[in-house]
Structures are given as C-alpha cells and as structure tokens.
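Subject: Structure for you to look at

Hello,

Here is the structure I said I would pass on. Please open it before you read the notes underneath.

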Amino acid sequence: MARILITGGRPLEGTVEVSGAKNAVLPILMASLLTEQPCRLKGVPHLKDVTTSIELLGHMGVEVSLGDHFSVGLDAGRLHAQVAPYELVKTMRASILVLGPLLARTGYARVSLPGGCAIGARPVDLHLNGLSALGAKISVESGYINARADRLQGARVVLDKVTVTGTENILMAATLAEGVTIIENAAQEPEVVDLAECLISMGAQISGHGTNTITVEGCRELEGFDYKVLPDRIEAGTFLVGAAMTGGCIRAVNAAPKTMDAILVKLEDAGARINTGDDWIELDMAGRRPRAVNIATAPYPGFPTDMQAQFTALDSIAEGTGVVRENVFENRFMHVLELQRLGADMRLEGNAVIVRGVDHLTGAPLMATDLRASACLVLAGLVARGDTIVDRVYHIDRGYENIEEKLGQLGARIRRLPAAAA
Ligand code: UD1
C-alpha cells in the first residue's frame, strides 16, 4: 500500500492552485442523470472519488468522456441499468447521490445501502424520508434501497437534521417532480449552492439556495449543462493551516475566500495575517508559532467538520490550550491517537478534545484512518522533527489532488513511497 514520507521542518512558502471542490463535483456529476442531453463539467479534480463516480455512472450506461482542462463530458441519453451496486457504494458513500436523480427521471432506482463508515454511523434515513414525502415507494431489502415512483409530486420536506447530501438528493429529485417542493432546514453549504446553480443552468426553477429554505418548482425535462465547478474550500483551508503551522507565507489561487469565513477567522485568531481578493487568499505567519484556537464544528456557515482534524493538528503545536468540539459526526477523532504518537498532548472528553500545545512533535510511522484525518497527519509531519510516514494514503487520494506535488511546490520535503518499498 502506498505511503507518504514527510521530513518536517520547512515553512510552506509560495503559490498553490486550489482544485475544484470534491463535494460539489460529486453531486453535479450525478445531476447528469437528470437529463437525456449531453453535459460538460469543468474544473474536475483528479480524485479517487471522482473516478468512482464516473465508474458508477458508466455502470448505468452514462457515456463519459474526458476532455481538455479537467473537463468531463457526460451523456445519460441511453441508460441501461438503474442500479448502484454494493462494490462501488461501499468505497464511496456519496454514491447515494444517484438515488434522487435516477428515481426522478426513470421512475426507478436500486442503490446499495452505504453501511457504516469510519467517522460514525452516517445513516441515510433523511434521504429516504424526503423522497417518500415526494411520493416515492421505498423498500429496503438485502442491503439495497429500492425506490419507485410514476412521477414524483412536489411536497414540503422538513429535514430533522441538516444533511448536505440529503438536501442535494431531494433537491435533484424535486427538479423533475410535479408541482412545488419546499425543503426546510436545508443545508446551506456552498457546494449545495453550486449544485443548485448548475441545476438552474439546466432550466430548473430553484430559489432560496444558500438559505435554510429551498423552493423548487418542478418541470417535465431539464437541458444539459456546461458548468465550471467551485473551488475546494477544504483543500485551500488545509494548505493555509499547513502554512500557519510551519510559520510560512503562501498564496492560494483559484480559491473562493467568500466560502471560507469561518476558517479564515480561526486562522486570524491563531495569529496569521490574511489578505483576500475575489479568487485568492494570502496567509503570512511571519515565522511565528500559532496561538491555540477553540473550534466547534457546525453546519455551514459554522465551522466545517471537514477542517476539524487539520485545526486539531494546528493546536497540537500551538501556544496555549485549545478545545476542539465535534458536533456533526460522533466518531471523528481517530487522528488524535495518531497525533499522540508524534508527542501531542491531547485528552478526549466526550465529543471534545482538549489540546495543550507542545514545543515540538517528533516524526513517527502513522496510519491514515479517513480522508480528513489523513490530511491532518500530513500537516503534523510538516512540523515534526525527522521523518513521518503516513500509511494507507488511499484515503488522502479520495479527496486531495496530488497533495505531495502541491506541498512539494510550497517547499515541503514530501514524497510518495511506492507500495513495493513497504
Ligand atoms: C457531506 C460531505 C462531507 C461532510 C459532511 C458534513 C459530501 C460528498 N460529503 O457528507 O464531506 O463531512 O457533509 O459537512 O458532500 N445524518 C442522518 N441521517 C441522514 C443523513 C445524515 O442522521 O439521512 C446525520 C449524519 O450521521 C451526520 C449529520 O447528519 O451526523 C450530517 O451528515 P451529512 O451532512 O448528511 O453528511 P454527508 O452529506 O454524508
């Protein structure tokens, strides 16, 4: 299994280009199922989750072509299967996003239940309740969700809990339903807004996206799209935290600072000087050690759970004590045990970790456990003395495009060790 070797001690310096947002690309790729017409998505990052999505769409009969400048062509004109099999869904939970569009366009979908996941139970009950409210007949048997509907009917859907992919599934389904759907307690994440904008470009009637109430007036058919995806706020945030931890100075280009308020405020609290333009962010730490910050994750516009692990790493070497509270997922602290192996001083208390900053970390072999946890281990490796080896980097490849190349360009000593060298 491939591993990443990091030799700590160098500040991050220079310019890094932010890739397209994974969490916007995935639902938008699935939105191609809503139309018979060809679609094109631009700014698609080269990620394992993108490959899995393309494989899943291909399995259903979507013709996929890769074009110039990170663009992907999709043609769902002739679907031959309405099934998302276990083998693909088990590697990527976001596969559940085919359910809404497939059902709405073809009247049938069979999707494997995603099952458990390293960061918590992550059920899909809210997706299913929402689609049932739109008139779908849903049964679950032999590990598969079977959903049927002649034509979905618009309805008022009140989500018990804010769910990002749940909102996206119901939103996509509602675009082809008869009548008006109102989604209350909807997710307000920028990636949900990006999906809504793409659907609008297909002719969907949507308003209120970016607020907690989204209204959709359904239509019979949608057109194809030619759309460029929004930049990845989590990838950008990860590089900025790396610069703050190493006392560095970087400029992230092709970024979307307007989607990153909660992250940038915390970096300023940690002592970073930040400047932003429409599509760039500069962070200068001027060689200083960061100050510890308190974090409490929450749905957007709150602090993103996908940045929690990275800030836990920052607090581990900061001046002072920080409390990091995880309010979105119940089991998202696997990185804590690994950071302790580097010498971090951390104590778990319920859904919080109390982090007392230490002078330095010392490199060690580590195990990546999930996508964002592995990014945090790489960041810790950038400041640890000596060598850190992060194993199971396939987790990182799910969501970070060429992470070792991008960090290498910023001056980090980092390289991938081939599986054979293990
Ligand atoms: C999405 C993101 C993920 C991010 C998460 C929270 C994608 C592809 N992934 O995941 O990177 O960490 O949002 O910002 O966009 N829940 C239920 N029932 C459901 C659905 C969710 O109880 O039917 C719970 C979950 O267990 C969790 C909370 O709701 O505690 C939020 O999860 P959700 O927003 O649905 O996460 P995802 O959409 O899976």
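The notes below cover two helix contacts and one pocket.

Please keep in mind that this is a predicted model.

Helix H12 (residues 371-383) takes part in both contacts. Its axis and that of helix H11 (residues 334-341) come within 9 Å and cross at roughly 20 degrees. Angles under 35 degrees count as roughly parallel, so H11 and H12 are roughly parallel to each other. Their crossing is right-handed. On the H11 side, the residues that meet H12 are His335, Glu338 and Leu339; on the H12 side they are Ala373, Cys376, Leu377 and Ala380. Sorted by class, this contact has 5 nonpolar, 1 polar and 1 charged residues.

The other partner of H12 is helix H10 (residues 308-316), where the axes come within 7 Å and cross at roughly 25 degrees. H10 and H12 are therefore roughly parallel to each other, and this crossing is right-handed. H10 contributes Ala309, Gln310 and Ala313 to the contact, while H12 contributes Arg372, Ala373, Ala375, Cys376 and Leu379. These divide into 6 nonpolar, 1 polar and 1 charged.

Now the pocket. The second largest pocket holds about 370 Å³ of space. Its lining is made of 22 residues, and Glu17, Val18, Ser19, Phe70 and Glu401 lie nearest the centre. Strand E2 (13-17) and helix H14 (403-409) are the elements that give two or more residues to this lining. By class, the lining has 8 nonpolar, 9 polar and 5 charged residues.

Regards

How values were computed. Residues are numbered from 1 along each chain as its sequence is written. This is a predicted model: local features need pLDDT of at least 70, side-chain atom pairs count only at pLDDT 80 or more; totals for chains, interfaces and linings use all residues. Side-chain values use heavy atoms; hydrogens and water are left out. On a 1 Å grid over the protein atoms alone, a cavity is a set of points where a 1.4 Å probe fits but cannot get out, and a pocket is an open set with protein on both sides within 12 Å along at least five of seven lines; lining residues have an atom within 4 Å of a point. Grid points are joined across faces, edges and corners, and a volume is the space filled by probe spheres set on the points. Helices (H or I, at least four residues) and strands (E, at least two) are DSSP runs, numbered from the N terminus. Ala, Val, Leu, Ile, Met, Phe, Trp, Tyr, Cys and Pro count as nonpolar, Asp, Glu, Lys and Arg as charged, and the others, Gly among them, as polar. Axes are lines fitted to C-alpha atoms, for helices over the stretch in contact, and angles run from 0 to 180 degrees between N-to-C directions. Angles under 35 degrees count as roughly parallel, over 145 as roughly antiparallel, 65 to 115 as roughly perpendicular and the rest as oblique. A crossing is left-handed if the near helix is turned anticlockwise from the far one by less than a right angle, and right-handed if clockwise. Contact means heavy atoms within 4.5 Å.
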